[in-house]
Amino acid sequence: MEADGALDAAALERELRAAVAADERRERENDAKLRALHQRVPSYEEFRNIVLASHLKPLEKKDKMGKRMNVLWNPRAARTKAPQASDMEIPQELDQLPGTSAEFYRDWRRCLKSGKEKYQLLLELGGKALGRMFQADLGFGLLGEFLTVLAEHVCQEDRDAILQILESLSRTKRFGLNVDLLSESEKESSRDLFRKLQSMIRDYRTAGHPSGPAGCEAEREAHIMDPSLQKEAEEERIVMELMKCYQVD
């Protein structure tokens, strides 16, 4: 909707395309799940790989394997090395953050190759945008990948942002099912992430607010009124609630 009350046709078209792409992905993944169940795959890892590869198509005879292609594997490196325009062209979508789940899924799978790049994308989008983007459907396998990336790169400065991301994801539909479908390695990443968050909160409190003498009543009252201590207590409460949501012991 534009300022004068008229409909934004371009925005509506983008939303429609994103909705169609999301429906196609859900249908494709559901078909892959049924196919994996029919094949009676022996392990969850094989089941998961079949679903994650559901978007791949077999090569046809007309596809030429020997033809050299100029493919942009690392879009961020391209900006620093400044390649010739004739050699490769950066897709327009790489120059802006994804606005829909379909755009996110495309960029996450095709454009971001390192865990650090994926971590930065999650932080740049933030919990609010991610929660809105995946409110209807988080997408099979994404939750585990998010937890793994966050656990590998979490740092003290990003603590608040990561808590907001975890909170927003926990409010998406079928979140409980996505947690149940986590692999063992992803569950361990989830436990590792929450251990690190708890440790960071304790370290921050110890470094910034050393304990005073037990008998100093005035100092204890001052600590109780300290906004930063109240913030830490709230963060500890949030972490404990999130651990229950993510089924972390």
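# Notebook: core, ring pairs and salt bridges

I began with the nonpolar interior and found that the largest nonpolar core has 41 residues, with F104, L166 and Y246 having the most contacts inside it. I note at the outset that this is a predicted model.

I then looked up which elements supply this core. Those giving two or more residues are α4 (101-110), α5 (115-133), α6 (142-153), α7 (159-170), α8 (175-180), α9 (184-208) and α11 (227-245). Of these elements, α5 gives the most, with eight residues.

I took L166 as a sample of the core. Leaving out residues up to four places away in sequence, I found that L166 touches L147, L150, L193, F194, L197, L242 and Y246. I also recorded a second, separate core of five residues, which includes A36, F47, V51 and F140.

**Entry on aromatic pairs**

I counted seven aromatic pairs. W108 and F146 form one that is edge-to-face, with 5.1 Å centre to centre and 80° between the planes. W108 belongs to helix α4 and F146 to helix α6, so this pair ties together parts that lie 38 residues apart in sequence. I checked the accessibility of both residues and found W108 and F146 buried.

I turned next to F175 and Y246, which also form an edge-to-face pair, at 4.9 Å centre to centre and 80° between the planes. F175 is in helix α8 and Y246 is in the segment after α11, so the pair ties together parts 71 residues apart in sequence. I asked myself whether F175 is buried or exposed. F175 counts as buried because its relative accessibility is 7%, and the limit for burial is under 20%. Y246 is buried as well, with a relative accessible area of 2%. I had already listed Y246 among the residues with the most contacts inside the largest core, and it is also one of the residues that L166 touches.

I then asked which residues the ring pairs link into a cluster. The members are F104, W108, F134 and F146.

**Entry on salt bridges**

Side chains of opposite charge can pair when their charged atoms come close. I counted eleven salt bridges in this model.

The salt bridge of E145 with R109 has its closest N and O atoms 2.8 Å apart. E145 sits in helix α6 and R109 in helix α4, so the pair ties together parts 36 residues apart in sequence. I noted a contrast in accessibility: E145 is buried, with a relative accessible area of 15%, whereas R109 counts as partly exposed at 23%.

I found a further salt bridge between the side chains of R174 and D137, at 3.7 Å from N to O. R174 is in the loop between α7 and α8 and D137 in the loop between α5 and α6, and the pair links distant parts of the chain, 37 residues apart. R174 is partly exposed, with a relative accessible area of 47%. D137 counts as buried, at 12% relative accessibility.

I also recorded the salt bridge in which the side chains of R159 and E235 meet, at 2.8 Å from N to O. R159 lies in helix α7 and E235 in helix α11, so the parts tied together are 76 residues apart in sequence. I found both R159 and E235 to be buried. Elsewhere in my list, salt bridges that share partners join E188, R191, D192, R195 and K196 into one network.

**Entry on V149 and the packing of α5 with α6**

I looked up V149, which is found in helix α6. V149 counts as buried, at 7% relative accessibility. Leaving aside neighbours within four places in sequence, I found V149 in contact with W108, G115, K118, Y119 and L122. I also recorded a C-alpha separation of 8.6 Å between V149 and S189, which are 40 residues apart along the chain.

I then asked at what angle α5 and α6 pack. The angle is about 100°, with the axes 9 Å apart. The two helices, α5 and α6, are therefore roughly perpendicular to each other, since angles of 65 to 115 degrees count as such. On the α5 side I listed G115, K116, K118, Y119 and L122, which meet E145, F146, V149, L150 and H153 in α6. Among these residues of α6, I had already met E145 in its salt bridge with R109 and F146 in its ring pair with W108.

Methods:
Residues are numbered from 1 along each chain as its sequence is written. This is a predicted model: local features need pLDDT of at least 70, side-chain atom pairs count only at pLDDT 80 or more; totals for chains, interfaces and linings use all residues. Side-chain values use heavy atoms; hydrogens and water are left out. A nonpolar core is a set of buried Ala, Val, Leu, Ile, Met, Phe, Trp, Tyr and Cys residues joined through side-chain atoms within 4.5 Å. Buried means under 20% relative accessible area, exposed over 50%, partly exposed in between (1.4 Å probe, protein chains only). Helices (H or I, at least four residues) and strands (E, at least two) are DSSP runs, numbered from the N terminus. Contact means heavy atoms within 4.5 Å. Rings of Phe, Tyr and Trp (its six-membered ring) pair if their centres lie within 6.5 Å; planes under 30 degrees apart count as stacked, over 60 as edge-to-face and the rest as tilted. A salt bridge is a side-chain nitrogen of Lys or Arg within 4 Å of a carboxyl oxygen of Asp or Glu. Axes are lines fitted to C-alpha atoms, for helices over the stretch in contact, and angles run from 0 to 180 degrees between N-to-C directions. Angles under 35 degrees count as roughly parallel, over 145 as roughly antiparallel, 65 to 115 as roughly perpendicular and the rest as oblique.
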